[in-house]
Number of protein chains: 2
Amino acid sequence: MGEAVMKSLKVIKIGGKVIDDEQKLNSFLKDFASIKGPKILVHGGGSNATKIGERLGIEAKMIDGRRITDADTLEVITMVYGGLINKKIVSKLQSLGINAVGLTGADLNIIPARKRNPEPIDFGWVGDVETVHTAWLSQFLDSGVVPVLAPLTHDQQGQMLNTNADTIASSVVAALSNDFETELLYCFEQPGVMNNGKLITVMNLLLYRYLKDGGIITDGMIPKLDLGFSALKKGVKVSIRSFEDVAKLESGTKLVK
Amino acid sequence: MGEAVMKSLKVIKIGGKVIDDEQKLNSFLKDFASIKGPKILVHGGGSNATKIGERLGIEAKMIDGRRITDADTLEVITMVYGGLINKKIVSKLQSLGINAVGLTGADLNIIPARKRNPEPIDFGWVGDVETVHTAWLSQFLDSGVVPVLAPLTHDQQGQMLNTNADTIASSVVAALSNDFETELLYCFEQPGVMNNGKLITVMNLLLYRYLKDGGIITDGMIPKLDLGFSALKKGVKVSIRSFEDVAKLESGTKLVK
């Protein structure tokens, strides 16, 4: 008996500069639209939330480079990520012939989360993903609809929560990896994981730990790689690449076991 | 042969004070959640958009009591209506056991619209509803999901558009009246259409015109009644009532032919 052929699914995460720059966003979305087959787009917020927060007189509070989500900040994030950016992307995708649907984790209860324990650091209204309910996501994908996910979840008690977009992407791809042959693409403004201006094309856990211990891999790349390796373990194909290379078959830094 | 029994659907529109006041909103949503059967909630923006716009240094521009939607105002509306208010309502409904999904007209291309002709008055980025695509709405309703619609549409060319929530509600209910026995409830802070502090319990076109000519019915009530009578013509049951009476079988001002 032959093996059943599973449909492939790409979960693509963008953040940072591609969202802030209208021209880059348009160009990215055109490439994204050209990708065949089921796909999900997860977006961060870029610097929009910080800028709009500042204009509203709300200062971004950070501990160890991580945003503290107080009540005011959560309102800004819900507005900017869940409204402005999400609907901008959805309407642009519609103009490219993609039937997109913008969702937060509260919509259809797709991603219930737990407010993070305030000890040792109180990050405020930040949610750690509890589970991903895949039924509606699968139904959208089977109907050719493209879900566009904002980095927001909810606690099922009426409270929206701020959740890292990288985490949303890895949680969603892992949850769907029973039903699809999955691929996770972290897209950003660099060609991939870099060492002295040179692209690292293949990365395994040993090399990752070596480069992290050596201070070559730092900051935001660490959680991205942790999440990537954790997805890899669940059978997900993972790469970290430039948003300009989103439609390429292979590109950037590929994670391997 | 017996007649086929159609499922009933309530399309409920809220705006103004109920959205601005957290306690009133909570109480309304509890009543809304208690309503049995398929239902859709359409929300306006209350004074939130104006307040947040002011804090961002964007002044609300009005002509004849109608908001002019310049590019900055559209951004604020997309943030506040499509993000802040929509997700607040969705997460609160989830906590009440209602599986809600927040949507604009761009999501799933549910409501494509045309930018309003700039002559004689240029209202800016305002959309007049072109059509309502009911397939996904019906699928949600059949699955027990409650769509929560923000007053935003899109032009299918990548542009979000501001569309009056009363219009969204009447367009959606009319489009679904082939598949459902429909009812449209305009809910606001008054008990219904008032004359000298007294509730008018039944209104037909003749009485409406008489009261409009006499200056008794003015301002925002005029488009509401125009839309209501137009929905009535298509077989929709229509009432204008207090948001406190949303779950009552009969209440407020009932429109009749």
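In chain A of this predicted model, helix α6(A) meets helix α8(A) through two short sets of residues. From α6(A) come Asp166(A), Thr167(A), Ser170(A), Val173(A) and Ala174(A), and from α8(A) come Pro223(A), Lys224(A), Leu227(A), Ser230(A) and Ala231(A). By class, the residues of this contact are five nonpolar, three polar and two charged. Helix α6 of chain A covers residues 165-176 and helix α8 of chain A covers residues 221-233; the two pack at an angle of about 0°, and their axes are 10 Å apart. Angles under 35 degrees count as roughly parallel, so α6(A) is roughly parallel to α8(A).

**The sheet of chain A**

Chain A has an open sheet of eight strands with mixed pairing, in the order β5-β8-β2-β1-β11-β15-β16-β14. The edges are held by β5 (100-103) and β14 (202-203) of chain A; each has a single partner strand, so one side of each is left without a neighbour in the sheet. Within this order, strand β11 (residues 181-188) of chain A runs parallel to strand β15 (residues 237-242) of chain A, and six bridges join the two. One of the residues involved is Tyr186(A), whose bridge partner in β15(A) is Ile240(A). Helix α4 (residues 71-95) of chain A packs on the sheet, where it touches β2 (39-43), β5 and β8 (146-149) of chain A. The direction of α4(A) makes about 175° with that of β5(A).

**The two chains together**

The contact between the chains involves 32 residues of chain B and 32 residues of chain A. On the side of chain B that touches chain A, α4 (71-95), β5 (100-103) and β9 (152-154) of chain B each supply at least two residues. Of the elements of chain B, α4(B) gives the most to this side, with 13 residues. Eleven residues of this side are nonpolar, 16 are polar and five are charged.

How are the two copies placed relative to each other? Chain B is superposed on chain A by a rotation of 180° with 0.0 Å of shift along its axis, and the RMSD is 0.0 Å. This is the relation of a two-fold axis. Gly83(B) comes closest to the rotation axis of the residues of chain B, with its C-alpha at 1.8 Å. Of the interface residues of chain B, 100% are also interface residues in chain A, so the copies meet through the same surface.

**Backbone details**

Most residues other than glycine have a negative phi, and most peptide bonds are trans. The table lists four places that depart from this pattern.

| Place | Backbone value | Loop |
|---|---|---|
| Glu119(A) to Pro120(A) | cis, omega near 0° | between β6 (113-115) and β7 (127-129) of chain A, for Pro120(A) |
| Glu119(B) to Pro120(B) | cis, omega near 0° | between β6 (113-115) and β7 (127-129) of chain B, for Pro120(B) |
| Gln156(B) | phi near 65° | between β9 and β10 (160-162) of chain B |
| Asn196(B) | phi of about 55° | between β12 (194-195) and β13 (198-199) of chain B |

How exposed are the two residues with positive phi? Gln156(B) has 17 other C-beta atoms within 10 Å and is therefore partly exposed. Asn196(B) has 5 other C-beta atoms within 10 Å, so Asn196(B) is exposed. The cut-off for an exposed residue is 12 or fewer such atoms, and a residue with 20 or more is buried.

Terms used. Residues numbered from 1 in each chain as written. Chains lettered and ligands numbered in written order. Predicted model: local features only at pLDDT ≥ 70, side-chain atom pairs only at ≥ 80, totals over all residues. Contact = placed C-beta atoms within 7 Å. Helix = DSSP H or I, 4+ residues; strand = E, 2+ residues; numbered from the N terminus. Nonpolar A, V, L, I, M, F, W, Y, C, P; charged D, E, K, R; others polar. Least-squares fit on C-alpha atoms with pLDDT ≥ 70 in both. Axes fitted to C-alpha atoms, helices over the stretch in contact; angles between N-to-C directions. Parallel < 35°, antiparallel > 145°, perpendicular 65-115°, else oblique. Pairing = 2+ DSSP bridges.
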